[in-house]
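Visitor: Could you walk me through this chain, from its overall build down to one pocket and one helix?

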Amino acid sequence: MTSRTGPAPRIDLHAHSTASDGTLTPAELVGAASDAGLDVLAITDHDTTAGWAPAVGALPPGLRLIRGAELSCRWSGAQPAVPLHLLAYLFDPDHPELVAELARVRAAREERGERMVDLLRADGVDVNWPDILAGAGGGTVGRPHLAQALIRAGLVGSVREAFGPDWLGERYRLPKEDIDVFRAVGLVRAAGGVPVFAHPRATRRGRVVPDELIAELAAAGLAGLEADHEDHSPAEREHVRALAAELGLLVTGSSDFHGTHKTVQLGAFSTSVEAYERIVAEGVTEVASG
């Protein structure tokens, strides 16, 4: 594989559009990826494949697109359960069991969002659920959409502040009805996809799962770990790399781009050609090329 813009291909395998909680449409996202000099981009919206078709339809020349999703999961080996995210690449979007589970999670996300708005309104916070739904534009509803409502109301200055303990990080946060992580790995594999654990050691996001669980997931079909991510410290990145080497898992690096909802830019972290080729070899869906 050759690069369009430099000595090594630039491969970003984690990015979000307005199909979930990003601020660029799928078409704008692939355009921005091309402008950033990327060779490969993965579109990985939360619990949905709705952005796939418009992204493929707008794919610029020279850019390859990995179709994926970021699944909302949980591990119930601790109390309360630990939330975590599973990146799923190149799976069959029509696999019945996976389609049904993603639909359930999206409905649960919407119900949770409305309940969080009710909690805010009960404390006199002037936010409105219909406005938040409109802001989501039909995409999967998430906390960033509530954060934008708090910003518009002048109550916080940024998404990071909105995700703090006084707001959506703790006081007004409710749990989601996520997918058991072992079931999620099994569903992705059954759909012909490649599952990769997103930012598995990001302690700044909250609790993380033990290495022993990751070993069990590897035995159950987990393919890789996302090591290079803005929410991993250098020590956490090295820990993830060492664990991946021990378990024979591939390693990815990604921006987790959300547009203006985050400051990180496309291509901030990159995946090796070797890891990319392993994902392509294992997935059932072909890579789209512009």
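Here is our conversation about the chain, its pocket and one helix.

Guide: First, some background: this is a predicted model, where local features need pLDDT of at least 70, side-chain atom pairs count only at pLDDT 80 or more, and totals for chains, interfaces and linings use all residues. Residues are numbered from 1 along each chain as its sequence is written, and side-chain values use heavy atoms, with hydrogens and water left out.

Visitor: What radius of gyration does the chain have, and why does it agree with a compact globule?

Guide: The radius is taken over C-alpha atoms, and the globule rule is 2.2 Å times the number of residues to the power 0.38. For 290 residues a compact globule would be near 19 Å, which agrees with the chain's value of 18 Å.

Visitor: How many helices and strands does the secondary structure come to?

Guide: Helices (H or I, at least four residues) and strands (E, at least two) are DSSP runs, numbered from the N terminus. On that basis the chain has ten helices and nine strands.

Visitor: Which element gives the largest share of the lining of the largest pocket?

Guide: A pocket is, on a 1 Å grid over the protein atoms alone, an open set of points where a 1.4 Å probe fits, with protein on both sides within 12 Å along at least five of seven lines; lining residues have an atom within 4 Å of a point. The largest pocket holds about 1,500 Å³ of space, the volume being that filled by probe spheres set on the points, which are joined across faces, edges and corners. Of its 49 lining residues, H85, R143, F163, R173 and R205 are the closest to the centre. Elements giving two or more residues include β3 (64–75), α3 (96–122) and α5 (143–152), but the largest share, four residues, comes from β4.

Visitor: Why is α5 largely enclosed by the rest of the structure, and which residues of α5 are buried?

Guide: Buried means under 20% relative accessible area (1.4 Å probe, protein chains only). Seven of the ten residues of α5 meet this, so the helix is largely enclosed. They are R143, P144, H145, L146, A147, A149 and L150.

Visitor: What covers the buried residues of α5?

Guide: Here contact means heavy atoms within 4.5 Å. The cover for those buried residues includes α3, α4 (129–136) and α6.

Visitor: Which residue with a positive phi follows α5?

Guide: Its phi is near 75°. The residue following α5 is G154.

Definitions and conventions: Buried means under 20% relative accessible area, exposed over 50%, partly exposed in between (1.4 Å probe, protein chains only).
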